[in-house]
Amino acid sequence: MKQQTQLTRRKFVGGMATSVAAFSIVPSHVLGANPPSSKLNIAVIGSGGRGRANINGCRSENIVALCDVDDIRAARSFEEYPKAKRYKDFRIMMDDMDKSIDAVIVATPDHTHAVAAMRAIKMGKHVYCEKPLAHSLGEVRRLTEAARQQGVQTQMGNQGHSSEQIRRVCEWIWDGAIGDIREVHTWSSRPSGGAAFAVNMKRPTDRPPVPEGLDWDLWLGPAQYRPYHPAYLPFKWRGWLDFGSGALGDMGCHILDPTVWAMKLDQVDTIAIEATTTHFDEEIMNETFAVASIVRFEFPARGSMPPLKLTWSDGRLRPPRPDDMELKRYYRSEGAIFMGEKGNILHGSHGASGARIVPETKMKAYEANLPPKSLPRSQGHHKDWILACKGGKPASANWDFGGPLTELTLLGMLAMRRQNRKLIWDVKTMRITNDEEANKYVDPAYRQGWTL
Ligand SMILES: NC(=O)c1ccc[n+]([C@@H]2O[C@H](COP(=O)([O-])OP(=O)(O)OC[C@H]3O[C@@H](n4cnc5c(N)ncnc54)[C@H](O)[C@@H]3O)[C@@H](O)[C@H]2O)c1
């Protein structure tokens with residue numbers, strides 16, 4: 001961090017050309033049919049920010065190309081991989097590096113996931129894409145279908161999905177540990193708290209200069225044009241409707257993950273959904289997410305599982321406590337509680353962290369007779385994807401799961417645009433069947449020059 005702040009934009013941009021010239025890789029086709037022992041050649045789109053964690057997760061492989069629209073944000077990755085070829089425009093990178101890459105990591109802000117990931121898929125590259133998989137329901141569905149058709153290996157960046165604990169929660173629930181479950185509550189303190197992002201704001205009207213080293217037009221990608229402002233990046237884009245997906249899109253893929261898996265919510269045909277938010281000003285409502293929101297989902301029965309009501313709350317709103325929860329136990333800033341007929345399961349974010357049956361007496365009693373570990377275990381979130389790319393079995397958060405999980409969060413986002421209405425979503429046709437106006441949020445138009 002210290003290193004990054006000491007580096008000025010001017011110095012860094014000036015130093016770029018020489019490192020690009022130092023590029024050298026062994027193209028993957030030289031290695032033959034990519035036997036399991038060979039290394040993948042990986043290109044990274046969005047090399048700063050979260051991209052760094054993904055690069056770390058793939059250290060065992062060859063990082064051959066780094067793309068980023070902001071030289072400063074990506075500076076540390078560039079320094080760590082001086083031989084990787086550098087790009088600002090992923091379209092140019094993909095055309096240029098086509099023959100030299102096997103797989104692509106996408107870790108840009110949400111609104112550019114789909115265009116970057118789709119380009120890679122169409123070129124037959126395996127893709128690891130950050131959560132939420134994309135920014136609109138239409139994009140998610142098309143990505144999921146394209147990946148399936150192309151037969152490329154995928155993984156979404158909901159790394160908690162590879163935890164031991166999320167598997168235990170599924171196994172407990174399927175074992176009947178807390179009986180039938182008709183109600184689940186999930187929550188996040190975002191957008192409040194340490195990781196605050198822009199909410200409840202009008203679009204800024206002043207025009208600060210674009211920082212040196214940042215290509216603003218490429219950062220915008222398919223989003224409609226607007227002048228640069230520091231209110232948008234980095235990180236803060238999460239709260240702007242054109243770029244981010246609010247608290248639900250940001251944290252939902254972590255916090256709802258155990259619920260979707262354990263309750264088989266990726267297997268339904270219809271979802272009822274209703275949102276309420278703290279928004280009241282229409283201009284603000286069309287720009288940024290609200291200070292706080294509640295989204296209620298209703299799912300029909302799935303096999304022997306009864307219908308389910310699922311509630312998402314953000315902005316520090318928390319659910320009611322079950323009667324049998326100990327008084328000393330409190331809800332952490334993020335988490336979920338499954339309310340079953342014989343008890344509750346409470347957990348935190350990312351892979352059902354710290355999951356316990358509540359009250360503790362029931363957990364202790366159940367610990368004496370835990371069910372066998374029936375689900376396959378993960379070797380690591382990035383490693384599973386790498387192994388899949390090399391011919392192993394698909395990673396567990398591949399997009400057949402990551403797609404429907406993301407769609408749920410984006411459905412919540414859509415309901416916020418049409419708040420205080422109960423909407424019915426037909427999963428197969430991707431239509432809200434009882435409110436035509438809501439359907440305009442399913443597939444928003446791209447800026448001219450951009451397609452999926
Ligand atoms: N899995 C997790 O726990 C986790 C944690 C943080 C972020 N994320 C996800 O990672 C993604 C990035 O989030 P962030 O906070 O790192 O954002 P960020 O604002 O730091 O942007 C990430 C990087 O992408 C670059 N970038 C932006 N647009 C680009 C483009 N069109 N082409 C190439 N590079 C581009 C930025 O310059 C930056 O270096 C988001 O989708 C976010 O939801 C996931």
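**Exercise 1.** Which side chains meet in a salt bridge at 2.6 Å, N to O, one of them being that of arginine 431?

*Solution.* The model is predicted: local features need pLDDT of at least 70, side-chain atom pairs count only at pLDDT 80 or more, and totals for chains, interfaces and linings use all residues. Residues are numbered from 1 along each chain as its sequence is written, and side-chain values use heavy atoms, with hydrogens and water left out.

Step 1. Apply the criterion for a salt bridge (a side-chain nitrogen of Lys or Arg within 4 Å of a carboxyl oxygen of Asp or Glu). The side chains of arginine 431 and glutamate 436 satisfy it, with 2.6 Å from N to O.

Step 2. Classify both partners by relative accessible area (buried under 20%, exposed over 50%, partly exposed in between; 1.4 Å probe, protein chains only). Arginine 431 is partly exposed at 36%, whereas glutamate 436 is exposed at 55%.

**Exercise 2.** Determine where the partners of the salt bridge between arginine 142 and aspartate 443 lie in the chain.

*Solution.* Step 1. The closest N and O atoms of arginine 142 and aspartate 443 are 3.1 Å apart.

Step 2. Assign the elements, taking helices (H or I, at least four residues) and strands (E, at least two) as DSSP runs numbered from the N terminus. Arginine 142 belongs to helix α8 (residues 137-150), and aspartate 443 to the segment after β15 (431-432); with their positions 301 residues apart, the pair links distant parts of the chain.

Step 3. Arginine 142 has 37% relative accessibility and is partly exposed; aspartate 443, at 38%, is also partly exposed.

**Exercise 3.** Describe the polar contacts that aspartate 68, leucine 218 and arginine 238 make with the ligand.

*Solution.* Step 1. A polar contact is a pair of N or O atoms within 3.5 Å; within protein, one must be able to donate a hydrogen and the other to accept it, and residues adjacent in sequence count only if both atoms are side-chain atoms.

Step 2. Aspartate 68 places a polar side-chain atom 2.6 Å from a ligand oxygen. For arginine 238, a side-chain N or O atom is 3.0 Å from an oxygen atom of the ligand. Leucine 218 instead uses a backbone N or O atom, 3.2 Å from a ligand nitrogen.

Step 3. Of the 840 Å² of accessible area that the ligand has on its own, the protein covers 93% (Shrake-Rupley method, 1.4 Å probe; for residues, only the protein chains shown count as cover).
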